[in-house]
Amino acid sequence: MSLAVDVASDGVRAPLSKAAVAAIARATLRAERVGSAHLSITFVSARAIASLNARWLGHRGPTDVISFQLPAAAPDASLTGDVYIAPEVARENARAAGLGTREELARLVVHGTLHVVGHDHPEGDARLRSPMWRRQEQLVTRTAREWRR
């Protein structure tokens, strides 16, 4: 079982350590019974994520997280994916929801990892009632010791 998680910061500061981010992602992968994975998580600016959002999803403006599950080289190959998170957008969302930024960033790590694993949710308010959202919130709670440090 190999759960490799690489964390990078593209010139952007985030109030979670790289070790905490990797631990949250690995805990999510284990909880989802992923045996082998290589996940890359990169913190980017609002401008950079807006560019990714436009190019790959056809949406205008910045978002908080974008995930890509990469095609497997073989049927038994490791799960591979990329997650991009915009801490600036996360801070704004956390403030609007009355949450701490560290908790919101942990939520985005879990959210992005769940998308890479293959989970999805409906758009709009219905996403808050979706099975993926409920699972996400369970995992945010379960990983609290990592993001509360």
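## A tour outward from helix α1

Start by selecting helix α1 in this predicted model: its buried residues pack against β1, β2, β4, α4 (101-117), α5 (131-142) and α6 (144-147). Show those residues as sticks; among them are Ala 20, Val 21, Ile 24, Thr 28 and Leu 29. In fact 10 of the 14 residues of α1 are buried, so the helix is largely enclosed by the rest of the structure. Want to check the helix length? For 14 residues at 1.5 Å each, the span should be 20 Å, and the end C-alpha atoms of α1 do sit 20 Å apart. Just after α1, click on Arg 33, which has a positive phi, near 60 degrees.

Now bring up the sheet. Its 4 strands run in the order β1-β2-β4-β3, with mixed pairing, and the sheet is open. β1 (2-9) and β3 (65-70) are the edge strands with a single partner each, so one side of each has no neighbour in the sheet. On average, neighbouring strands are turned by 15 degrees against each other, ignoring direction.

Zoom in on β2 (residues 36-43) and β4 (residues 79-85), a parallel pair joined over 7 bridges. To find your place, pick His 38 and look opposite, to Thr 80 in β4. Then put α1 (residues 18-31) back on screen: it packs on the sheet, touching β1, β2 and β4, and its direction makes about 145 degrees with that of β1. Next, add helix α2 (residues 46-57), which lies across β3 and β4 and runs at about 50 degrees to β3.

Time for the charged side chains; the model has 5 salt bridges. Select Arg 135 and Glu 32, whose closest N and O atoms are 2.6 Å apart in a salt bridge. This pair spans 103 residues of chain, from Arg 135 in helix α5 to Glu 32 in the loop between α1 and β2. Both partners are buried.

Last stop: helix α4. Which residues belong to the salt-bridge network here? Select Glu 103, Glu 104, Arg 107 and Glu 137 to see it. Arg 107 and Glu 103 meet at 3.0 Å, N to O, and, being 4 residues apart in α4, they are separated by about one helical turn. From Arg 107, follow the other salt bridge to Glu 137, with closest N and O atoms 2.7 Å apart. Glu 137 lies in helix α5, so this pair ties together parts 30 residues apart in sequence. Colour by accessibility to finish: Arg 107 is buried at 7% relative accessible area, while Glu 137 is partly exposed at 24%.

Terms used. Residues are numbered from 1 along each chain as its sequence is written. This is a predicted model: local features need pLDDT of at least 70, side-chain atom pairs count only at pLDDT 80 or more; totals for chains, interfaces and linings use all residues. Side-chain values use heavy atoms; hydrogens and water are left out. Two strands pair if DSSP finds at least two bridges between them. Helices (H or I, at least four residues) and strands (E, at least two) are DSSP runs, numbered from the N terminus. Axes are lines fitted to C-alpha atoms, for helices over the stretch in contact, and angles run from 0 to 180 degrees between N-to-C directions. Contact means heavy atoms within 4.5 Å. The expected span of a helix is 1.5 Å times one less than its number of residues. Buried means under 20% relative accessible area, exposed over 50%, partly exposed in between (1.4 Å probe, protein chains only). A salt bridge is a side-chain nitrogen of Lys or Arg within 4 Å of a carboxyl oxygen of Asp or Glu.
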